[in-house]
Amino acid sequence: MSTAVLKVDKLVKRFGGLTATDHACVSVGQGEIHALIGPNGAGKTTLIHQISGALHSDSGSIHFCGQDVTTLPMHERALLGLVRSYQITSIFGRLSVLDNIALAVQAVEGSSFRFWTSSRSDKERYAKAQAVAERVGLGQHLHRLANALSHGEQRQLEVGLALATRPKLLLLDEPMAGMGPDESERMVGLLQSLRGETTILLVEHDMDAVFRLADTISVLVFGKVIACGDAQHIKDNPEVKRAYLGDEAHPTGPAQEAA
Ligand SMILES: Nc1ncnc2c1ncn2[C@@H]1O[C@H](COP(=O)(O)OP(=O)(O)OP(=O)(O)O)[C@@H](O)[C@H]1O
């Protein structure tokens with residue numbers, strides 16, 4: 001049995017009278033791809049925000065690699081390796097792919113920005129950045145400006161920026177959002193290639209992608225995790241069918257609706 005990298009226990013977040021996450025429990029094992037699914041407004045993004053530290057929790061606990069991080073601020077969780085994929089807004093559009101990733105490498109090395117750095121450390125940083133760019137399928141675009149990339153390539157770059165920080169757990173909120181079929185396929189391939197190497201917790205509406213990618217799926221409905229298991233277990237679960245997929249629906253039906 002794999003060790004839990006992340007253990008979320010009875011996590012609650014209230015917005016006034018609304019309980020967005022309601023004693024939610026999620027456990028993510030070392031090396032697994034874990035998907036969080038659920039209907040609109042189920043509390044998925046809220047839960048990701050609570051895990052990353054962007055939102056304070058009202059009650060419950062979050063343990064990361066055995067350490068209680070429930071009250072740690074976001075940057076301290078990130079330093080421990082609990083990293084949320086950068087948003088497109090944090091890509092520097094007027095820098096090249098390579099420069100963007102080199103900055104992320106520099107951030108994790110803890111060296112603050114200096115005008116004079118040794119050419120050797122520069123070389124090493126750029127070699128690491130190039131390896132990451134190749135890892136996320138952007139090896140052909142090293143010197144392109146980030147804002148000249150397609151939407152899908154920018155999302156690949158976001159994953160690259162996160163990977164450059166060597167996360168122990170990568171949080172991805174809808175990595176396939178806004179993508180066409182080819183771009184989605186590339187992202188699925190990229191995430192599949194990270195299996196076993198990087199532990200991933202992702203929120204995704206594209207059921208086809210989820211069923212192909214996830215080792216484990218947790219289903220959130222009205223802030224509660226109503227089911228957890230592999231794709232087949234989730235497809236066969238009567239409560240999931242009733243509450244989320246719909247009684248009449250074919251298990252993969254909503255993929256087309258959500259896409
Ligand atoms: N900052 C906020 N203030 C008030 N209510 C909020 C806030 N953020 C989220 N909510 C509410 O909390 C509930 C859960 O929202 P959340 O965005 O987490 O759901 P979700 O499962 O990610 O939805 P979607 O799939 O549509 O993105 C919703 O009813 C939402 O309106």
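How many of the 5 residues of strand β8 (residues 199-203) are buried? The answer is 5 of 5, so to speak a mostly covered strand. The legends below describe a predicted model.

**View 1. Strand β8 is covered on both faces.** On one side sit T199, L201 and V203, and these are buried. On the other side I200 and L202 are buried too. β8 also has paired strands to show. Strand β3 (residues 33-37) pairs with β8 in the parallel sense, over 4 bridges. Within that pairing, L36 has V203 of β8 as its bridge partner. β7 is joined to β8 by 5 bridges, and these two strands run parallel as well. Here L172 has L202 of β8 as its bridge partner.

**View 2. An open sheet of 6 strands has mixed pairing.** The strand order is β6-β7-β8-β3-β9-β10. Which strands stand at the edges? They are β6 (82-84) and β10, and each pairs on one side only. From one strand to the next, the twist averages 20 degrees. β9 and β10 run antiparallel and are joined by 5 bridges. In that pair, L220 stands opposite V225 of β10. Strands of a sheet pair through backbone hydrogen bonds, in either the parallel or the antiparallel sense.

**View 3. An open sheet of 4 strands pairs in the antiparallel sense.** Its order is β2-β1-β4-β5. β2 and β5 (67-68) stand at the edges. Each has a single partner strand, so one side of each is left without a neighbour in the sheet. Strand β1 (residues 4-15) and strand β4 (residues 59-64) run antiparallel, with 5 bridges between them. V12 stands opposite S59 of β4.

**View 4. Helix α1 lies across strands of both sheets.** Across which strands does α1 lie at about 120 degrees to β1? They are β1, β2 and β4. α1 also lies across β3, β6, β7, β8 and β9. Its direction is at about 150 degrees to β7.

**View 5. Eleven positions surround the ligand, F15 and T46 among them.** The others are L18, A20, G38, N40, G41, A42, G43, K44 and T45. Two elements give two or more residues to this shell: β2 (18-29) and α1 (44-52). Which element gives the largest share? It is α1, with 3 residues. By class, the shell has 4 nonpolar residues, 6 polar residues and 1 charged residue.

**View 6. Helix α5 (residues 151-163) is mostly covered.** Of its 13 residues, 10 are buried. The buried residues are E153, R155, Q156, L157, E158, V159, G160, L161, A162 and L163. Why does the length of α5 agree with expectation? At 1.5 Å a residue, its 13 residues should span 18 Å, and the end C-alpha atoms are 19 Å apart.

**View 7. Helix α3 (residues 97-109) has 13 residues.** From first C-alpha to last, α3 reaches 19 Å. That is close to the 18 Å expected at 1.5 Å a residue. Which residues of α3 are buried? They are V97, L98, N100, I101, A102, A104, V105 and Q106. An α-helix has 3.6 residues a turn, so residues three or four places apart point the same way.

**View 8. R166 has a positive phi, although it is not glycine.** The phi value is near 50 degrees. Most residues other than glycine have a negative phi. R166 lies in the loop between α5 and β7 (169-173). Is R166 buried or partly exposed? R166 is partly exposed, because 14 other C-beta atoms lie within 10 Å.

**View 9. F222 is a residue other than glycine with a positive phi.** Its phi is about 50 degrees. Where is F222 found? F222 is in the loop between β9 (216-221) and β10 (224-229). With 15 other C-beta atoms within 10 Å, F222 is partly exposed. A residue counts as buried only from 20 such atoms and as exposed at 12 or fewer, so a count of 15 falls in between.

Technical notes
Residues numbered from 1 in each chain as written. Predicted model: local features only at pLDDT ≥ 70, side-chain atom pairs only at ≥ 80, totals over all residues. Near = placed C-beta within 6 Å. Nonpolar A, V, L, I, M, F, W, Y, C, P; charged D, E, K, R; others polar. Expected span 1.5 Å × (residues − 1). Pairing = 2+ DSSP bridges. Contact = placed C-beta atoms within 7 Å. Axes fitted to C-alpha atoms, helices over the stretch in contact; angles between N-to-C directions.
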